[in-house]
Amino acid sequence: MENNDNNSNNIKSKNETEEEDNELHETIGPIGLNSSSNDIEEFNHLKNIVSSFFNYQVDSLREVSRIERDFSSIPLKYKERMSFNYQTRIEKLKSAIWENYKFFLKIAEPYKEMFKSFKSSTGEILIEPLFVKPKNIIKLRSTLKLFIRDWSKEGLFERKKTYDPILTELKTYFSNKSEKDFEKGIYILNPGAGLGRLMYEIAKLGFKSQGNEFSYHMLLSSNYILNNTTKENEFFIQPLIHSFSNLINEEIPFKKIYIPDECLSDNLIKNKYGEMSMVAGEFIRVYKKNINFWDGIVTCFFLDTANNVIEYIETISEIIKTNGIWINIGPLLYHYTEMENEISIELSWDEIKKIIIGYGFEIKKEEYIKTTYSSYEESLMQTVYNCIFFVAIKK
Ligand SMILES: C[S@@+](CC[C@H](N)C(=O)[O-])C[C@H]1O[C@@H](n2cnc3c(N)ncnc32)[C@H](O)[C@@H]1O
């Protein structure tokens, strides 16, 4: 098989990859550094993403200065009305930023040689001043928050709603498979794997589980958590500090989120046939030629990331085996809607269903599941998606 090389856990690089903003990537070494590619554009793109990790503290402190300035600008009579001291908020914010920054430095450390560094007068190693595109600052913060969904106990309520129905269907569908079948390998693909929790849960069931991602923010972060954690609750982060809207109380933004909520290696060992791998790259480009390979494909909050959802369906229909199972959960919030210079084909579920059947699938189950995405349970705002959950078998 062309694209799979299932050494467990390691992120694989591909020659052709693409990011959400459709910028082209080329070969990405471990990921990135030792690339033999001379594609400067690709290197610069990765460098841009990595710089958002290194610059997290500086970018975040800029926001703290804004908060400090605004609070100090209001008349004393209003300050006196507040039961909390805003200076305490500022100090707690700075310390939380520092904690998040230390975590980001662990993730970005292998890429530091991409940047010029120098020694400060106090002996610290400093990296050349960086400019980070605002969109990459936003993506980094949303990646930080996504750790709650995938790797913390606080994300359990969301994972139960979203990942559990998929895992139940997989278990049921392959329940008649023998130990020998699992030993030989039952291959499940999870395109748009995000931070990799679903891929990992699938491996825990004994499948050869492969994730696919094209966002470097996701790839670098999932690589770290999947390959470098040795115990439960090894790190904490404070991902809620970047919004002070919809708070029930002043303490919530400073909540420490411990990750990962379980020890990955212990749990994988429990099922000796389970393996996982992650392939970097744009789904269609990476898997197009992977004809008739996959026993199962699971798409979770992924279908609507397509420019042209029909092309996703076509690819899935070609790379899945006859009698392979496709399980999907997610809304149809098309990602490229109203984006300049982007094609966006927006179809209803009814229309998509007909197309799926037209590509040779039989829809075995069709339900709606209400769930949130990357939300924090104790927030005053919850966006609930009425997700389409379907199970389709390739005939
Ligand atoms: C809405 S997120 C869902 C992540 C994960 N499945 C979850 O449920 O948490 C969609 C993910 O798909 C990735 N993605 C979008 N289009 C992609 C493509 N064409 N190829 C590979 N990954 C893609 C994005 O980078 C993002 O991480």
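**A first walk through the chain**

Hi everyone, let me start with how this chain is connected: among contacts with a separation of 6 or more, 74% are between residues 24 or more positions apart. Please keep in mind that what we are looking at is a predicted model. The chain has 395 residues, and 39% of them count as buried. Its secondary structure comes to 13 helices and 14 strands.

Let me give you two examples of residues that are far apart in sequence. The first is Pro165, which sits in helix H6, residues 156–173. Is Pro165 buried or exposed? Pro165 counts as buried, because it has 20 C-beta neighbours inside 10 Å, and 20 is the number at which a residue counts as buried. Setting aside the neighbours within four places in sequence, Pro165 is in contact with Ile329, Ile369 and Phe389. Take Phe389: 224 residues separate it from Pro165 in sequence, yet their C-alpha atoms are 8.6 Å apart.

My second example is Asp266, in helix H10, residues 264–269. This residue has 11 C-beta neighbours inside 10 Å, so Asp266 counts as exposed. Its C-alpha atom is 8.5 Å from that of Lys231, and the two residues are 35 apart along the chain.

Now please find helix H2, residues 56–73. How does its span compare with what we should expect? At 1.5 Å a residue, its 18 residues should span 26 Å, and the end C-alpha atoms are indeed 26 Å apart, so the two agree. Within H2, the residues Tyr56, Asp59 and Ser60 are buried. These three cover an arc of only 95° around the axis, which means they are on the same side of H2. Turn to the other side of H2 and you meet exposed residues: Arg62, Ser65, Arg69, Ser72 and Ser73. And what do the buried residues of H2 pack against? Their partners are three helices: H1 (40–54), H4 (86–108) and H5 (134–151).

On to the strands. Strand E10 runs over residues 275–280, and 5 of its 6 residues are buried, so it is mostly covered. Strand E7, residues 208–213, runs parallel to E10, and 6 bridges join the two. If you want one pair to look for, the bridge partner of Asn212 is Val279 in E10.

Next, the ligand. The model has 17 residues around it, and the closest are Gly192, Gly194, Ser215, Phe283 and Thr305. Sorted by class, this shell holds 8 nonpolar, 5 polar and 4 charged residues.

Finally, a few backbone details in the loops. The peptide bond from Ile259 to Pro260 is cis, with omega near -15°. You will find Pro260 in the loop between strand E9 (257–259) and H10, and H10 is the helix where we met Asp266.

Then there are two asparagines. Asn233 is not a glycine, but it has a positive phi of about 55°. Its loop lies between helix H9 (216–228) and strand E8 (235–237). Asn233 counts as partly exposed, because it has 16 C-beta neighbours inside 10 Å. Asn246 is not a glycine either, and its phi is positive at about 60°. This residue is in the loop between E8 and E9. With 12 C-beta neighbours inside 10 Å, Asn246 counts as exposed.

Thanks for listening, everyone!

Definitions and conventions
Residues are numbered from 1 along each chain as its sequence is written. This is a predicted model: local features need pLDDT of at least 70, side-chain atom pairs count only at pLDDT 80 or more; totals for chains, interfaces and linings use all residues. A residue is near a molecule or strand if its C-beta atom, placed from the backbone, lies within 6 Å of it. Ala, Val, Leu, Ile, Met, Phe, Trp, Tyr, Cys and Pro count as nonpolar, Asp, Glu, Lys and Arg as charged, and the others, Gly among them, as polar. Helices (H or I, at least four residues) and strands (E, at least two) are DSSP runs, numbered from the N terminus. Two residues are in contact if their C-beta atoms, placed from the backbone, lie within 7 Å. Two strands pair if DSSP finds at least two bridges between them. The expected span of a helix is 1.5 Å times one less than its number of residues. The arc is that of the directions from the helix axis to the C-beta atoms.
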